[in-house]
Amino acid sequence: MGNLLHRLLLHSLLIIGLCPSILWGQRSPSFSSSEKDGHFILPERASFYEGPQPFDMLSYKLDVSLVMVSDAFQGKCTMTMRLKSNVDSLVLDAVGLLLDTVRVDGVPKTTRPDSAAESFIIYLNGTRNTGDTLRIAISYRRALGYPRPSSRQGYYFFLDTLGMPANLGYTFSEPSDARFWFPCYDEPWEKATAEMNITVPTGYVAASNGKLLGTTNNGNGTTTWRWREGHQITTYLMCITASRFAVSSLPYVTATGDTIPLQYFTWLPDSAATANFLPTVRQMVGQYAALFGEYPFDKYGMTSIVPFVYLGMEHQTLTTMNRYSQTDQRVVSHELAHQWWGDLVTCGTWRDVWLNESFATYSEALWRESLGGFPALKSYMRDTLNGFQYGSWQGAVYDPVGQGFNLFDQVVYSKGGWVLHTLRGVLGDSVFFRSLNAYRQRYASKSAITNELKAVVDSVAGLDMGWFFNQWIFGPGWPKYASRYSWTPDTLTLTIYQQQSPSWPTYKMPIKVRAYVGSSSTAFALWDSVRTQVFRLPLASMPDSIVLDPDGWILKQIVSPPSSVGEDERPLAFQLFQNYPNPFNPTTTVRYSLPLQGRAGVGSFVTLKVYDILGREVTTLVNEAKPAGEYAVSFDARLPYGNLRGGQASNVASGLYFYRLTFTESGGSTLSSVKAMLLLR
Ligand SMILES: [Zn+2]
């Protein structure tokens, strides 16, 4: 599905161009960009992967009749399943549907709805055994007047009196609304084949997933459109879109010579524009096929409709496009990429939704790269980064809902897309794209969870990438880097600071650094892994400038160096600075710097202690080995300290105190420095 920016854009388009209240009437009283958000928060099933359900769903066959003058419909859903354990009842999903008859292998069965769980129970009147194949046929109707949320209609219907060229009916199910338009097992980890026979008044086109097997004129003013998705498909990707469409078509020929039709179902006024756009779609399919493996399905179709609260939805082989974005390359490339990432390989749970959306979002950038090369990719990613410090980007990419974000929040679109770019930077193109292909091959026609992607990347890279996934996928935030450098003949001394919140990870990252000297430059590959890290690098000349991550692979912010010893770039010395503020009450900050000792990053032992005027130790502020660098530590006079007032813990009284820094070099010699500070309560 298109991301939040798309939806915000759509929202403004609707406000500018059309009045939402006219578009939506009483049907959707709360139109907002976040309307979809939130409704997916359903109770998680006990075990969320590999299916807690006692069956494998093999196929769905839907026979649906749409009257196309109201939102009424009736249908028959035939499910075939194979049992994984012995059962005497089955739980399936349905909401707002009247189940007229339920038959299992031809025998009528009783059911009990469980509306709180949006499901129903079928009683089998006896035990069916592991390995049995069951055929469940349910005749049903949409319950009129059922209080569906406006954003969870499942099936949406609009009359042409709203200003469209024709009446329009369509389904929209992500993440958990398929159950509003057909009885099913409505979870992303479960897939089956699907046959869709859709009867509409003759003159209407009813588009759906997979191949068109044919149309049948029923001789009673109706026509049945017969579609079959022979590839595995999960319920939220099934769809019906019906209106008086014109159809444009263009063949795409695969590398092995197979022809796959590209189709665009649009209203007649739009058909010239969308037909002219199909060659671009064909180019996109070819580009993604080259990157991700051949296009995996039997057709790629798009429908263009309005009103529709999103800019696109990646129904398998039949993306629903918003009429406003029907030729928008960003949206079209995003939804097309979902055919691989989301449809062929589906997120195993909604916690893993980034496996759909981050991949589709990064694919937008890959399409741009295919047009304009690396500079286009770099600038596209930089543009995406411009808004990154806001809102949900601060969260982890994994499990947005568990963190209180919306399922379709920016954290799984822009941030997750950026993290994939960062992963590509770490792995290099060869390993990155081989990983994508191995992931596709391993989980094609299935669903995958995050750790399964990680395992594939591990195996292709020959490395345990846990460090990467832990900080970038399961951890919040991003690194905020600052740097400081100095040069002495033949040596560049570079300090890299990580200044992000302490509650965010300390990032372990390979960082490329480029030192510019006149018209030439020298690159260094560094492994940065602590909050303050010093590197000594061979460099023959004084650099004019130093740039971290010059090619822009890392999701990051560059911030100013820590303020302290002035902005000059002189080599670090052993220094203890005057506390600030001074006098103080009740807290003050002490800064100091440590010079290089031996190998870069290998520190020497440092203590910083506070004494009262009688020479008693109040507290130890620092007592550890530290690398060269500049540091700051705060002293809080409110805290209770021992060793005062006859050994009892106490906070600190007004008066003069001393603070003493000692520095033991690796050779054993010790430097120290003392300053005074005044506490005035
Ligand atoms: Zn999407």
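Two strands count as paired if DSSP finds at least two bridges between them. I needed that before opening this predicted model, since my notes keep coming back to strands.

**Entry 1: S19 and S20.** I started with strand S20, residues 318–322, and looked for its link to S19. Two bridges join them, and the strands run antiparallel. I picked out one pair: Met 313 has Thr 320 in S20 as its bridge partner.

**Entry 2: the sheet around them.** Which order do the strands of this sheet follow? I read off S16-S17-S18-S20-S19, an open sheet of five strands with mixed pairing. My reminder to self: strands in a sheet pair through backbone hydrogen bonds, either parallel or antiparallel. Then I checked the edges, which are S16 (246–253) and S19 (312–313), each pairing on one side only. Helix H3, residues 271–292, packs on this sheet. I found H3 touching S16, S17 (259–266) and S18 (300–305), and its direction makes about 20° with that of S16.

**Entry 3: strand S4.** Next I went back along the chain to S4, residues 97–104. How many bridges join S4 to S8? I got seven, with S8 covering residues 133–142 and the two strands running antiparallel. Val 104 has Ile 136 in S8 as its bridge partner. S4 also has two bridges to S5 (residues 107–108), again antiparallel. Across that pairing, Arg 103 stands opposite Pro 108 in S5. S4 and S5 form a hairpin with two residues between the strands. I looked at the turn and saw that Asp 105 takes a positive phi near 50°.

**Entry 4: two helices.** I moved on to H6 (residues 411–427) and H7 (residues 429–443). Their axes come within 6 Å and cross at roughly 125°. Why do I call H6 oblique to H7? Because roughly perpendicular stops at 115 degrees and roughly antiparallel is over 145, the crossing angle falls in the oblique class. On the H6 side I listed Leu 423, Arg 424 and Leu 427; they meet Asp 429, Val 431, Phe 432 and Ser 435 in H7. Sorting the residues of this contact gave me four nonpolar, one polar and two charged.

**Entry 5: the whole chain.** Last, I zoomed out. The chain's secondary structure comes to nine helices and 38 strands. Of its 681 residues, 42% are buried. I also looked at contacts between residues at least 6 apart in sequence: 66% of them join residues at least 24 apart.

Terms used. Residues numbered from 1 in each chain as written. Predicted model: local features only at pLDDT ≥ 70, side-chain atom pairs only at ≥ 80, totals over all residues. Axes fitted to C-alpha atoms, helices over the stretch in contact; angles between N-to-C directions. Helix = DSSP H or I, 4+ residues; strand = E, 2+ residues; numbered from the N terminus. Parallel < 35°, antiparallel > 145°, perpendicular 65-115°, else oblique. Contact = placed C-beta atoms within 7 Å. Nonpolar A, V, L, I, M, F, W, Y, C, P; charged D, E, K, R; others polar. Buried ≥ 20, exposed ≤ 12 C-beta atoms within 10 Å, placed from the backbone.
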